[in-house]
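Subject: The structure we talked about

Hi there,

Here is the structure for you to open alongside this email. Have a look around, and then read on for what turned up.

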Amino acid sequence: MKKGALIGCGFFAQNHLHAWQELSGVEISALCDRDTARLRGTADRFNIERTYADAAELLNAEELDFVDIATTVQTHRPLVELAATSGVNIICQKPFADTMEDAQAMTRAADDAGVTLMVHENFRWQSAIRAVKDVLDSGRIGNPFWGRVSFRSAYDVYSGQPYLATDDRFIIQDLGIHILDIARFLFGDARSIAASTKRVNPLIKAEDVATMMLVHETGVTSIVDCSYASLLPRENFPESLLEVDGHTGSLRLLPGYQLVIQSADGTEQQDVSPPLLPWAERPWHNIQESVRNIQEHFIDCLNASASPETSGKDNLKTLELVEAAYLSATDGNRTIQLTGS
Ligand code: NAD
């Protein structure tokens, strides 16, 4: 049985706790939040007795295999370094860091301590995205040469996450990071990126629209586009839609989780809808299922002494894309060459 503690009992952490309760071979034995009302409310909801207002006290007092850090980005570095020094394995929510320097320091701290560090980059763990990856790996559409990963919505994300309206960066750092990670997952690491951004909603501080073009090492060119300012006939939140063209066919992941595959054999349509887990609610069930899947993957990795798909080191490449996209957008949309961190 792996024993963990959750740090940060806010909006999204409730999904983590539901998922942990559903998984076997793991138990969350303690909670930590510096906001006492949130700590108490979450402890009561999930029946977890041991609670702490301070992460250092938690790590001193508890015997743990891992901590699950679900705070916002500003506290990730101190908490990851504290956990690494305490010798426990770590999950850290996205965005992993505000700067590449912080992210590199965190991966170094985990390496030096010999602990596993996984970034909770869950979008690639959605069952529809895994289904698309399986089709690409099967060779049914041949070698992909072009792709698009698209997330366009007018859903009110600000009521659940008010910081999104006031932070200095918005859609690339919060959502685009997931969509860029899906592009890396499907098409491989990127060699270059160019980006354009826009703020459409006058009531928020930063950009709510971003359009990016990536050239991948595999030779794929992809478009990654995100918007929280697109009022559409059908609201698709929180679906990521996909288009991939290959040498012998194509695929489209359409609204409503409909996967259409065109190959030399003809057209096939599959329903790749996510399951509605007992604790989940529409339309978030797609994201909630991916939370369970990534947490299960983390425990599998601990048991097998394997590195998670979205390890801290892997995530440096997704973060580098985020930083390069902001640089391009503020510097005349010029193409930024990536170093591969
Ligand atoms: P939130 O503000 O609702 O919750 C954060 C909680 O952490 C708060 O209760 C706060 O008191 C606590 N906290 C902050 N610093 C702390 C510290 N040093 N010690 C103890 N507690 C501390 O934020 P949220 O909306 O739940 O977002 C948390 C993270 O989850 C963000 O990084 C966000 O980007 C991410 N998120 C991820 C997804 C996803 O699909 N992966 C979805 C939504 C949010």
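Below are some notes on the domains, two of the helices, the ligand shell and one glutamate.

Please keep in mind that this is a predicted model: local features need pLDDT of at least 70, side-chain atom pairs count only at pLDDT 80 or more, and totals for chains, interfaces and linings use all residues. Residue numbers start from 1 along each chain as its sequence is written.

Domains first. The protein chain splits into domain 1 (2–115) and domain 2 (124–280 + 317–337), with bounds from an automatic or database domain assignment. Their C-alpha centres are 28 Å apart. Each side brings residues to the contact, 10 from domain 1 and 10 from domain 2; two residues are in contact if their C-beta atoms, placed from the backbone, lie within 7 Å. On the domain 1 side, helix H1 (13–22) and H5 each give two or more residues. That side has 6 nonpolar, 2 polar and 2 charged residues. Here Ala, Val, Leu, Ile, Met, Phe, Trp, Tyr, Cys and Pro count as nonpolar, Asp, Glu, Lys and Arg as charged, and the others, Gly among them, as polar.

Next, the helices (DSSP runs of H or I, at least four residues; strands are E runs of at least two; both numbered from the N terminus). All of H8 is inside: 17 of its 17 residues are buried, so the helix is largely enclosed by the rest of the structure. Buried means 20 or more other C-beta atoms within 10 Å of a residue's own, exposed means 12 or fewer, and partly exposed lies in between, with C-beta atoms placed from the backbone. H8 also bends by about 45° at Ile177, the angle between axes fitted to the seven residues ending there and the seven starting there. Just after H8, Gly188 has a positive phi of about 95°.

The buried residues of H10 include Gly312, Leu316, Leu319 and Ala325. Among the elements covering them are helix H5 (100–113), helix H8 (171–187) and strand E9 (209–216). Gly332, which follows H10, has a positive phi near 70°.

As for the ligand, 26 residues surround it, the closest being Gly8, Gly10, Phe11, Phe12 and Asp35; a residue counts if its C-beta atom, placed from the backbone, lies within 6 Å. The shell holds 11 nonpolar, 9 polar and 6 charged residues.

Finally, Glu81 sits in helix H4 (residues 76–85). It counts as partly exposed because it has 18 C-beta neighbours inside 10 Å. Leaving aside residues up to four places away in sequence, Glu81 touches Met106 and Ala109.

Best wishes
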